[in-house]
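Let's take a walk through this one together. Have the viewer open and a finger on the chain selector.

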Amino acid sequence: MEAFTGFIESIGVYHSEIAIAFFVFVVSAMIFEFIDKVLAMSMSIGIMLLLSIMNPHEMIEMIDFNTIFLLLGMMMVVEITKESRLLSLMNIQIVKLTKGDPLILFFLFTLTTFTLSTFLSNATTMMVLVPLTIGITKSMGLDPKPYLLSEIIFSDIGGALTLVGDPTNVLIGSANNFSFSDFILNLWIPIASISFVIFGVLMVKYWKSIKPIKKTLTKLFLNNLSLAKIETEFKNTHIERGFVITTAVSLFLVVLLLIFNWFDISVAYIAFFGGIAMLFLTRKHMNYHKFFANIDWHMLLFFIGLFIHIGVLEKVGALEPITHVLSGHFTSSFELSMVILWTVGLLSGFVENIPLVAMMIPVLQPLLASGTITGNPEIVWYALSLGACLGGNGSLIGSSANMIVAQTAEKMGVKITFWEYFKIGYPITVISLIVATIYIYIVTL
Amino acid sequence: MFSKKLLSSASTLFRESEQIVGTRDFCFSAIKSLSSAITTFSGSKEELREELKNMVYLVKNTSPRISLLMFMFFKIKELFFQYLDENPNVSIREAKQKLKFIIEEVRVRRLQSFQKLIKCSDSVIEGGDVILLHDASHSVFDILCEAQKKNIYFSILLAEREKKKNILILRFLIDNNIDFQVVPEYLLSHVKSNITKAIFGAVTINSLHEVVSDAGTGSIVAQMREWNIPVYVPITNDKFSLWKAKEHHTYKTTKHKISDNLEYDKLSFSHDRYKTDLVTCFITNKGLLSAKELNDMYDQYYKDCNYWRRKNEIDL
């Protein structure tokens, strides 16, 4: 026992190196997947507790419960919405509007993806949309790939617009008490501009596949017949009206509260209690066992573990050198924003952006609070948000939603290879970052 | 004219749609889709004429072919081309309007044909009947609904098969408050004494005097005959197939895997075929017919359609 205590004391000088090593181990597990990332985190945390690098009280204080409750709340809202088939019903109505025209289909699917991604997790949005997209396009004799690629790209762009659209925004928003409307007010211009430019690029690239077919009766006929089949298939599935209406109304109220926050309470509470309220209101229709099984506890544990690891790095001073480097080289918010935007943006295509953003938060917070950076410090946070979200378009492994699309599509016979996506995804990421740069430059003038 | 990919997609779409809603409703949905397509079409009159020819080519070359659909499209094309020949100076707008009117006429005629079939089924179901069902035929469903409207009490014995088809049948029975019991299709011998009659749907009658039906129906029909249980099959004459049937069945082989070392090939057939002689009575739009009467009607219809086949280049 004494020998063990002595050992613990002797390695006290190496706490910083040990914390960095464990962080590298965890990030490697995320990238190379040789072990489950939550398991890797649990092992590191357990050992760090054993080595007294932190104690249990400190560990609890490191966890940002605001973020956890916000994520949990949104997961509950999304799960109830999915279970009620409200999203499927909405998608069928949207599909009917296209009247079989490939260009309108392309536009509406892209717009739907963008809109849903602003409020729901990208992964959920894609899980609902991908089978529908492939089903419709294949029945119409269209190539599903342009539609799927556009959806992948716009799910990441849409997710950048709101506090809850992407986990990285949840981290940034929680750390800085940014409200739902703060994100929208500060990001709608760059996101709208990027959307407009990228949609134009995709239209030009895929024009041959998506051009209108008003002079080809056969294709119009097949398209309309496909729509009729999809509508019939949907009508044959059982939908509980009461469930859909209750979900739609309560979802609308939750979203309104998130955006306008009339009672000036934490967004995390709105999301969490909104989820609980929706669960209560739809209790007659929900299978609670299935509901709780479908909550992504793995992701919540991942975030908890991430907060602890970053907290430990902060505690042992491992992040201070990064802060010193940044403060030494950059004095204006524009310069700092550019470094953050492009570094995070280009890296996010290949590295998990959540730990990247989580690590940057305790680096940037003291830097921006020190007053050494001139100009509006808030713009730096939005540059981080844009870099992390838009960077996810860089490659198929850039975000979990991208992987979900590729895997689901492959199961349905549509193979999207890494290089196939990279050839369009990476240039689009660069174009998006250029547009974001122009916006940040104008705002910081 | 069309790529193999487009024909393959169209075939899959037709087949899957037909499986969901049945042959009749699928054909009506198809001509409704044609009508919607015409509304959106923005080409010239000559382009419309050419496109309609292409449409007929498409429905002729999908696999499997659906005779009612082909019949309706041939009729639409014939009437429209006749109109264009008689009125060469009509505008594209007028031509489109006329085409939509023709489509509606063809639809109504076919609907009337089905309504006649339902009327002819009046005496088929009697009070107290226990009727065996096996497929999700909408013609059969309509006959049952008609009997229900007349307050004739009957119950259903459902020969259980694959889940997808069962759900369609069960949904119909539950939504219409029809009493039913379910028995696995391979254990009907245990309940044969309860069955008073069996009604099965049909996709078509072919030139070999065979009923083409859902997969699995053939063996059940044979069992019913063995046990002297009357078998009824509703079918309108516009569902008769217009071409010479192949002797062999079309099938595909799919691989199935139970475990790492247990893999096997399975033959899958899209339809079943059995001789019309096995059927006690055909319920048609021309009345209740025996197998021989139906065969004679088919032969006459096939001969009358020589003109159609020549004109539309269908294999004789």
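What follows looks at how the two chains meet, and then at how chain B is laid out inside.

Keep in mind that this is a predicted model. Start where chain B meets chain A: 26 residues of chain B are in contact with 19 residues of chain A. On the chain B side, the elements that put in two or more residues each are helix 1 (4-21), helix 2 (23-40) and helix 3 (45-61). Helix 1 of chain B gives the largest share, with 9 residues. As for chemistry, the chain B residues that touch chain A sort into 13 nonpolar, 9 polar and 4 charged.

Now zoom in on chain B by itself. The domain assignment splits chain B into domain 1, covering 4-118, and domain 2, covering 121-303. Measure between their C-alpha centres and you should get 28 Å for this pair of chain B domains. The two also touch each other: 15 residues of domain 1 of chain B and 21 residues of domain 2 of chain B take part in that contact.

Which elements of domain 1 give two or more residues to the side that touches domain 2 of chain B? They are helix 2, helix 4 (67-86) and helix 5 (92-120) of chain B. Helix 5 of chain B has the largest share here, at 6 residues. The domain 1 residues on this side come out as 7 nonpolar, 4 polar and 4 charged.

One element is worth a second look. Helix 2 of chain B is listed on the side that touches chain A, and helix 2 is also listed on the side of domain 1 that touches domain 2 of chain B.

Methods:
Residues are numbered from 1 along each chain as its sequence is written. Chains are lettered from A and ligands numbered from 1 in the order in which they are written. This is a predicted model: local features need pLDDT of at least 70, side-chain atom pairs count only at pLDDT 80 or more; totals for chains, interfaces and linings use all residues. Two residues are in contact if their C-beta atoms, placed from the backbone, lie within 7 Å. Helices (H or I, at least four residues) and strands (E, at least two) are DSSP runs, numbered from the N terminus. Ala, Val, Leu, Ile, Met, Phe, Trp, Tyr, Cys and Pro count as nonpolar, Asp, Glu, Lys and Arg as charged, and the others, Gly among them, as polar. Domain bounds come from an automatic or database domain assignment.
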